[in-house]
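I opened this model to go through its fold, its cysteines and a few single residues. My notes follow the order in which I looked things up.

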Amino acid sequence: MQKQEANGLRTNDEIRNRINQLYQLIEDGIDPCTFVLNPKAREYELEIEGLRRQCKHHFVNGQCQYCDEIEK
């Protein structure tokens, strides 16, 4: 596993783990029988966007293996 950088940014492995946690929180908050906008889900999505900006992307088949960013 990569070491955390001195400037406080997360490593790619830490980004991957946190994004997985956020995806799980979003999924756990979804009720397939009801359509309701969950403000926490939007908060999690914003955190994911921030993590993607920190990521040192490694694209495999057009998608980053760490943050799921799509290659442009």
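These entries start with the whole chain and then move to single residues.

**Entry 1: the chain.** I noted at the outset that this is a predicted model. I counted 2 helices and 2 strands. Read from the N terminus, the order is α-α-β-β. I then looked up burial: 26% of the 72 residues are buried. The accessible surface came out at about 5,400 Å², with 52% of that on carbon and sulfur atoms. I also checked contacts with a separation of 6 or more. Of these, 46% join residues 24 or more positions apart.

**Entry 2: the core.** Which residues make up the largest nonpolar core? I listed 12 residues: I15, I19, L22, I26, A41, Y44, I48, L51, C55, C64, Y66 and C67. Both α1 (12-28) and α2 (39-54) supply at least two residues of this core. I kept a general point beside the list: nonpolar side chains tend to be buried together in soluble globular proteins. Three cysteines in the list, C55, C64 and C67, sent me to the next entry.

**Entry 3: the cysteines.** How many disulfides does a search of the whole structure find? It finds 0. Why is C64 not bonded to C55? The cysteine sulfur closest to that of C64 is in C55, but it lies 3.7 Å away, so it is too far for a bond. The cut-off I used is 2.5 Å between the sulfur atoms. C67 is in no disulfide either, as its nearest cysteine sulfur, in C64, is 3.8 Å away.

Next I looked up how covered these residues are. C64 has 1% relative accessibility and counts as buried. C67 is buried too, with a relative accessible area of 0%. I then took the contacts of C55, leaving out neighbours within four places in sequence. C55 touches N12, I15, C64, Y66 and C67.

**Entry 4: K56.** One place further along, I looked at K56, in the loop between α2 and β1. K56 is partly exposed, at 46% relative accessible area. I checked its distance to N12. The two are 44 residues apart in sequence, yet their C-alpha atoms are 6.7 Å apart. N12 is also among the contacts of C55.

**Entry 5: positive phi.** I looked for positive phi in residues other than glycine. N61 has a phi of about 55°. N61 sits in the loop between β1 (59-60) and β2 (63-64). Is N61 buried or exposed? It is exposed, with a relative accessible area of 82%.

D68 also has a positive phi, near 70°. D68 lies in the segment after β2. At a relative accessible area of 18%, D68 is buried. The cut-off for buried is under 20%.

**Entry 6: E69.** I ended on E69, which is also found in the segment after β2. E69 counts as buried, at 19% relative accessibility. What does the side chain of E69 join in a polar contact? It joins the side chain of K72, at 3.4 Å. Leaving aside neighbours within four places in sequence, I listed R52, H57, F59, G62, Q63 and C64 as contacts of E69. C64 thus turns up here and in the core list as well.

Key
Residues are numbered from 1 along each chain as its sequence is written. This is a predicted model: local features need pLDDT of at least 70, side-chain atom pairs count only at pLDDT 80 or more; totals for chains, interfaces and linings use all residues. Side-chain values use heavy atoms; hydrogens and water are left out. Buried means under 20% relative accessible area, exposed over 50%, partly exposed in between (1.4 Å probe, protein chains only). A nonpolar core is a set of buried Ala, Val, Leu, Ile, Met, Phe, Trp, Tyr and Cys residues joined through side-chain atoms within 4.5 Å. Helices (H or I, at least four residues) and strands (E, at least two) are DSSP runs, numbered from the N terminus. Contact means heavy atoms within 4.5 Å. Accessible areas come from the Shrake-Rupley method with a 1.4 Å probe; for residues, only the protein chains shown count as cover. A polar contact is a pair of N or O atoms within 3.5 Å; within protein, one must be able to donate a hydrogen and the other to accept it, and residues adjacent in sequence count only if both atoms are side-chain atoms.
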